[in-house]
Amino acid sequence: MVSPKLSHSQFSPMAKLRNLSFWCFSDGLLNCGGVFLAILLVCSFWSFLTPTLNLGFSITEPSSNPVECKESGIGVNLNSDPEDHTFYDDPEMSYSIEKPVKDWDEKRREWLKHHPWFAAGASERIVLVTGSQPKPCKNPIGDHLLLRFFKNKVDYCRIHGYDIFYNNLLLHPKMDSYWAKLPVVKAAMLAHPEAEWIWWVDSDALFTDMEFKLPLERYKDHNLVVHGWPNLIYKSKSWTSLNAGVFLIRNCQWSMDLIKTWSNMGPMSKDYKKWGQIQRSTFKDKLFPDSDDQSALVYLLYKEKEKYYGHVYLEAEFYFQGYWVEIVGGYENTTERYLEIERGVRKLRRRHAEKVSEQYGAFREELLKEAGSWRRPFITHFTGCQPCSGDHNQMYSGESCWNVMLKAFNFADNQVLRKYGFLHPDLQDSSTLGLTEVPFDYPAADEGPW
Ligand SMILES: [Mn+2]
């Protein structure tokens, strides 16, 4: 396998760097002494405070040791781009999906070598990429819906420290609608050599478990993760055997090659029509004539199993993305079950800063091990609702789509809002008048600390 090696030996600070501080931070703060933590805190406070900001107490004296901060190699340096040549200086390199990239693993490795402060944590770094069409939505409330979908992704990324890129242009004029993501994902791979993963999440997909984190360790030997089922690909031969609306793709040469092959079944290809016919004759449940990105990916897995299957992780253990129709009826029950857990565990009711919320998520995760269908679905995908165009699938009414989206927005938002002291008591209520303050209880005097 090409790139897991890349990520685990070449980018691993343990293998490449003898600098103790890098080693320390790559393996997480658990391995670090309080000294390093203190330096990190001092550095980050120092770099974010303006001299005019007076907090009434002294966090650091800026003149005391800023140089030490810079030279400690701890933290990310956003200001330095050394003059050494990298792929960015190569006039042959192109962001365009029409010009394939070669030797990407070496190029990316070289760039990281010149920007060593990105080495720590590189194998877990994710950039979330999403987007929508260039024009205003036809559905009168479509742009509002898209805004709330986007707000949800921003919330998720802020909580987990991921970068996010929203694109609303066609980076290739012919690659529109569901094909538009591929040119964006390729460009994002070049724009973010510091990231190991690019995570495409459709505009109509919503994080509905704001605490859950992708189990990256599980994907260490794979380059592409999608929600899907092998028996549906190889036995049922269905074009819905996986969902291409949410995928995690490793930033490596294998992925560059996949994107090239994959996009060659799209509208930029002279064989576009032919691919539509091939897909329809292969997948009997596909009823529309045009070649689409999802059928194209299923086709590659089906037709070239040897080449692709071993590199693609078909995730079905949790809702990597889940069809909203199966999910939305359970939000109230889920809310109740989570509250029940919290009522029994004081630590989960403890008020805390949003920045430190991941550890509470990890703690709750322990308590959710037995959770079945009532655990929060990670991503609810409003497939078929078409919030922007309003041209929803005739299987359901527009009203039912907008109503359940509202419920899902509030369900997700409540998990964020409580860190700001408020919540929507009624998931179906869109008015701000419905907000209430989160009731926090405190340990009784005789109960001791949290
Ligand atoms: Mn979608």
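Strand E8 and strand E9 (residues 379-381) run parallel and are joined by two bridges. Within this pairing, Gly322 has Thr380 of E9 as its bridge partner. The model in which these strands appear is a predicted one. The pair belongs to an open sheet of three strands, arranged in the order E4-E9-E8, and the pairing in this sheet is mixed. Its edges are formed by strand E4 (205-207) and strand E8 (322-323), each of which pairs on one side only.

In general, the strands of a sheet pair through backbone hydrogen bonds, in either a parallel or an antiparallel manner. The antiparallel manner can be followed around strand E6. Strand E3 (residues 197-201) runs antiparallel to E6, and five bridges join the two. One position to look for here is Trp200, whose bridge partner in E6 is Phe247. Strand E5 (residues 224-228) is likewise antiparallel to E6, again with five bridges between them. In this second pairing, His227 has Asn243 of E6 as its bridge partner.

Are the residues of strand E6 buried or exposed? Nine of the nine residues in E6 (residues 242-250) are buried, and the strand is therefore largely enclosed by the rest of the structure. A residue counts as buried in this reasoning if 20 or more other C-beta atoms lie within 10 Å of its own. Across the chain, buried residues make up 33% of the 450 residues.

The next step is the interior of the model. The largest nonpolar core contains 78 residues, and those with the most contacts inside it are Val129, Val185, Ile198, Trp199 and Met405. Helix H18 (residues 398-417) gives the most to this core, contributing nine residues. Domain 1 (87-203 + 213-315) and domain 2 (322-447) both supply residues to the core, which therefore lies between them.

Ile198 offers a closer view of these surroundings. When its neighbours within four places in sequence are left aside, Ile198 is in contact with Val127, Val129, Val185, Ala188, Met189, Ile249 and Asn251. Among these, Val129 and Val185 are also listed with Ile198 as residues with the most contacts inside the core.

The chain as a whole can now be considered. It holds 18 helices and 11 strands. Of the contacts in the chain with a separation of 6 or more, 72% are between residues 24 or more positions apart.

Key. Residues are numbered from 1 along each chain as its sequence is written. This is a predicted model: local features need pLDDT of at least 70, side-chain atom pairs count only at pLDDT 80 or more; totals for chains, interfaces and linings use all residues. Two strands pair if DSSP finds at least two bridges between them. Helices (H or I, at least four residues) and strands (E, at least two) are DSSP runs, numbered from the N terminus. A residue is buried if 20 or more other C-beta atoms lie within 10 Å of its own, exposed if 12 or fewer, and partly exposed in between; C-beta atoms are placed from the backbone. Two residues are in contact if their C-beta atoms, placed from the backbone, lie within 7 Å. A nonpolar core is a set of buried Ala, Val, Leu, Ile, Met, Phe, Trp, Tyr and Cys residues joined through C-beta atoms within 7 Å. Domain bounds come from an automatic or database domain assignment.
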